[in-house]
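Open the model in your viewer and keep the selection box handy. We will go from stop to stop, picking a few residues each time.

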Amino acid sequence: MNALTGKKILLGVTGGIAAYKAAELVRQLRGAGAEVRVIMTRAATEFVTPLTFQSLSGHPVHLDLLDAAEESAMGHIHLARWAEVVLIAPASADVMARLRAGLADDLLTTVCLAATAPLVLAPAMNQAMWLNLATQDNVAVLKARGVCLLGPAEGVQACGETGPGRLLEPAAIVAALASRSGAGSLAGLRILISAGPTREAIDPVRYLSNRSSGKMGYALAQSAVMQGATVVLVSGPTALVPPSGVEVAQVQSAADMYEAVLARAGHADIYIGAAAVADYAPETAPHKIKKDASSLTLNLVKTPDILAAVAALTASRPFTVGFAAETQSLETSAQGKLLGKSLDMVAANQVGAGVGFEVDDNALYVCWPGGETRLPTAPKSKLATQLLTLIADRYHAQHPVKNS
Ligand code: CTP
């Protein structure tokens, strides 16, 4: 049994000389135990026949969006739901441009739009096409949306030129999918993450909130999914698009977040409190407050501490990770929270002008009972992956039997 056993992989094959290598890829994916269904673009059929893929995958190849017979057998929505991973190999410059634009002008792009499964692209094209700014721009946007890129490799190309643009070898693609799919250090774990700010209503039109963008929590959710976890994200109001493959519960206030998190915490293996929860909330006026008075005093009441409540669960307590945003005494405050709230780990970051909130980079001081480390300034996506590795290590140290 390996990481790809029983995995439902929808393989998109686009037009390019490397399409012939996709045939070997299907053979190897099936050899690794995966179930494979193939969608070919019209251009791909100019390079390899659908019959080749039908024979190797053991299923009819899907070609057309508007083919009534095909839609009644396994339509595009059904295909999108069936897939646990959508892999496009080779992915042409054209398909990446169409995916970036969100087009649905053929079966493959339509299925990609409808699928919630992770999308993995293995590009293959002439090196100048790959290096073209238009392609690089498309790649950057797709990556920012959580699309995973495998390759391309460098070397001599079919056109005789040398450079980046070769399709990764099928064995390397299979190995990369296997390491994403099951062998990931978080494979099989259920992770609950809170993210973003909360909004505490003053009256029906006004609220108190904070500068949290939610980026760290969303980056953690994305990275956890990529490492094989099942992720639920409880999010305060943010401008971010939730990563695909993540279940999201949107909330507004600290009280809403408390309810949403506590309702799910008992089913989670790990809870990460990355939200910037308001510590105090005003008593909400039932009607819009008028500016009649020369001054106005808000009476703020302490909100429930979600993190402390999760850490205090007696039955089914998840491994509990807190965040600390500090303007001073970072390490002492983090250690204080670790002990004070009986946490398994605290990730602390400095906040202030231009650091911590609303920015893409961050640095973390991380501590746990008996240990500490520093993760230097890096994009939040990279920090999220590093922090999850620490969490996975500590979690597995506490649960040596599970998942081994
Ligand atoms: N947190 C929470 N519920 C609250 C407040 C905070 O779950 N009502 C969580 C946050 O998600 C974060 C951690 O607690 O993981 C932050 O700890 P907290 O003690 O609230 O930090 P500060 O407000 O910075 O604390 P203090 O000013 O007391 O140092």
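Start by selecting the ligand together with I306: a nitrogen atom of the ligand is 3.0 Å from a polar backbone atom of I306. Remember as you look that this is a predicted model. Next, add A275, where a polar backbone atom is 2.7 Å from an oxygen atom of the ligand. Then show the side chain of K337, which has an N or O atom 3.0 Å from an oxygen atom of the ligand. With these contacts on screen, switch on a surface: of the 590 Å² of accessible area that the ligand has on its own, the protein covers 73%.

Now widen the selection to every residue within 4 Å of the ligand. How many residues surround the ligand? There are 15, and the closest are G273, A275, D279, L307 and F323. Try colouring this shell by class: you should find eight nonpolar, three polar and four charged residues.

Which elements each supply at least two residues of the shell? Select 306-311 for helix 13 and 319-326 for strand 16, and you have them both. Strand 16 gives the largest share of the shell, with three residues. If your viewer can display pockets, look for the second largest one, since that is where the ligand sits.

While you are in this region, stop at the loop between helix 13 and strand 16 and pick S316. The phi of S316 is near 50°, a positive value in a residue other than glycine.

Leave the ligand now and switch to a cartoon view for the sheet. Here five strands form an open sheet with parallel pairing, and their order is 2-1-3-4-5. Which strands are at the edges? Select 35-40 for strand 2 and 148-149 for strand 5; each of these pairs on one side only.

From strand 2, step across to strand 1, residues 8-13: the two run parallel and are joined by six bridges. To see one such partnership, pick V13 and then M40 in strand 2, its bridge partner. Strands of a sheet pair through backbone hydrogen bonds, so showing the backbone atoms is a good idea here.

Staying with strands, select residues 85-91, which make up strand 3, and find P90 there. The peptide bond joining A89 and P90 is cis, with omega at about -5°.

Another cis peptide bond awaits between G151 and P152, where omega is about 5°. To find P152, look in the loop between strand 5 and strand 6.

Carry on along the chain to strand 6, residues 153-156, and select strand 7, residues 162-166, as well. These two strands pair in the antiparallel sense over four bridges. What is the bridge partner of V156 in strand 7? Click on T162 and you have the partner of V156.

Finish at the turn. Strand 6 and strand 7 form a hairpin, with five residues between them. Within that turn, pick G160, whose phi is positive at about 95°.

Definitions and conventions
Residues are numbered from 1 along each chain as its sequence is written. This is a predicted model: local features need pLDDT of at least 70, side-chain atom pairs count only at pLDDT 80 or more; totals for chains, interfaces and linings use all residues. Side-chain values use heavy atoms; hydrogens and water are left out. A polar contact is a pair of N or O atoms within 3.5 Å; within protein, one must be able to donate a hydrogen and the other to accept it, and residues adjacent in sequence count only if both atoms are side-chain atoms. Accessible areas come from the Shrake-Rupley method with a 1.4 Å probe; for residues, only the protein chains shown count as cover. On a 1 Å grid over the protein atoms alone, a cavity is a set of points where a 1.4 Å probe fits but cannot get out, and a pocket is an open set with protein on both sides within 12 Å along at least five of seven lines; lining residues have an atom within 4 Å of a point. A molecule sits in a cavity or pocket if more than half of its atoms lie within 2 Å of its grid points. Ala, Val, Leu, Ile, Met, Phe, Trp, Tyr, Cys and Pro count as nonpolar, Asp, Glu, Lys and Arg as charged, and the others, Gly among them, as polar. Two strands pair if DSSP finds at least two bridges between them.
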